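Visitor: I should like to examine one part of this structure closely rather than survey the whole. Please choose a single element and describe how it is placed, what surrounds it and how it begins.

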Amino acid sequence: EDTRRVYPNELTGSQVVGAVDVDGIGIAGLEMYYDELVGGADGTRLMERGRDDLPIAGGVIEEEEAVDGKDITTSIDIRLQQAAEEYLSSALKAHSAKGGSVTVMDASTGELYAACSFSKTTDENGKKSYSRDVGKLWSISDGYEPGSTFKSITAASVLKNSKVKTDTVFHIPASLAVYDAVITDMHDHYDRDLTFRRIIAESSNVGMVLAARKVDNADLYKTYRAFGFGKNPKPFFIYGSHLRCMNWLCHDLPTA
């Protein structure tokens, strides 16, 4: 008798849960990250057998009980996960996108309720479709340039590590040379004065560069690291209470 891994919800949430190989060893997702925790340990039984491979009565027997793996509780909501995957798939097809990712979380606690990503693929017949790579979830495995949202982090460093206040006024030129690049704003702006508050509100590229120059690079770097940028994400999915991952999303069934 042997066992095989079964996922009752099939591909739903598969990028989060991950997968195991033919030997039951986790190779992706939570299955890999928590492999030692959920895998347990096999038991053993050693006995003497006769010529016909029958156990010898009274033969020496050495037995070690198997140790069950532990369950882990995730914060994933299976209904939200399914909805996220369905809506993402529809949106990608409607816009002929190269791919996309969805993450649903409670920003106040860090609990993730749904996470999925799809990539455009082409089969051997040239037919294009969208598929999920069970071994890769964009929002977890890939780096992504945050764009203007990163200005809020820079602004925090400026306010903490310099004399700049929210009402400090900066003269904003139409463009600004930075090394081999020329920084401009998205909207046509002529020379003008803006408070730091307005620089943040209008998401001024030029203004934020000027403000950031008031802070030493070392202090900027410390702020970015304090917010977690450049660090590996902490283990997640284990603190919620919405489902038992290894009981509901997947479990082992005996096979002949």
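Guide: In this predicted model, helix 8 is a mostly covered element, with six of its eight residues buried. The helix spans 205-212, and its buried residues are Val206, Gly207, Met208, Leu210, Ala211 and Ala212. These residues pack against a varied set of elements: helix 6, helix 7 and helix 9, together with strand 10, strand 11 (175-178) and strand 12 (181-184).

The wider setting is the largest nonpolar core, which has 18 residues. Those with the most contacts inside this core are Val158, Phe170, Ile172, Phe196, Ile199 and Leu210. At least two core residues are supplied by each of helix 6 (151-161), strand 10 (169-172), helix 7 (196-201), helix 8 (205-212) and helix 9 (217-226). Helix 8 provides the largest share, five residues.

Ile172 offers a useful view of this region from the side of strand 10 (169-172). With neighbours within four places in sequence left aside, Ile172 is in contact with Val206, Gly207 and Leu210, among others. Val206, Gly207 and Leu210 are among the buried residues of helix 8. The contacts of Ile172 also include Ile199 and Leu194, the polar or charged residues Asp185, Asp191, Arg192 and Ser204, and Tyr190. Ile172 and Ile199 are both among the residues with the most contacts inside the core.

Which residues form the contact between helix 6 and helix 8? From helix 6 come Lys151, Thr154, Ala155 and Val158, and they meet Asn205, Met208, Ala211 and Ala212 of helix 8. The residues of this contact comprise five nonpolar, two polar and one charged. As to geometry, the axes of the two helices, helix 6 and helix 8, come within 10 Å and cross at roughly 35°. The crossing of helix 6 past helix 8 is left-handed. Val158 joins the two descriptions, since this residue takes part in the contact with helix 8 and is also one of those with the most contacts inside the core.

The start of helix 8 deserves separate attention. Ser204 belongs to the loop that lies between helix 7 and helix 8. Is Ser204 buried or exposed? Its relative accessibility is 2%, and Ser204 therefore counts as buried, because the limit for that class is under 20%.

The side chain of Ser204 has two polar partners to be noted here. At the start of helix 8, one of its side-chain oxygens reaches to within 3.0 Å of the backbone nitrogen of Gly207. The Ser204 side chain also makes a polar contact with the side chain of Asp185, at 3.0 Å. When neighbours within four places in sequence are left aside, Ser204 is in contact with Lys151, Ile172, Asp185 and Ile199.

These contacts tie the start of the helix back to the features described above. Lys151 is one of the helix 6 residues that meet helix 8, and this residue is also in contact with Ser204. Asp185 is in contact with Ile172 as well as with Ser204. Gly207, whose backbone nitrogen faces the Ser204 oxygen within 3.0 Å, is itself one of the buried residues of helix 8 and is in contact with Ile172.

How values were computed. Residues are numbered from 1 along each chain as its sequence is written. This is a predicted model: local features need pLDDT of at least 70, side-chain atom pairs count only at pLDDT 80 or more; totals for chains, interfaces and linings use all residues. Side-chain values use heavy atoms; hydrogens and water are left out. A nonpolar core is a set of buried Ala, Val, Leu, Ile, Met, Phe, Trp, Tyr and Cys residues joined through side-chain atoms within 4.5 Å. Buried means under 20% relative accessible area, exposed over 50%, partly exposed in between (1.4 Å probe, protein chains only). Helices (H or I, at least four residues) and strands (E, at least two) are DSSP runs, numbered from the N terminus. Contact means heavy atoms within 4.5 Å. A polar contact is a pair of N or O atoms within 3.5 Å; within protein, one must be able to donate a hydrogen and the other to accept it, and residues adjacent in sequence count only if both atoms are side-chain atoms. Axes are lines fitted to C-alpha atoms, for helices over the stretch in contact, and angles run from 0 to 180 degrees between N-to-C directions. A crossing is left-handed if the near helix is turned anticlockwise from the far one by less than a right angle, and right-handed if clockwise.
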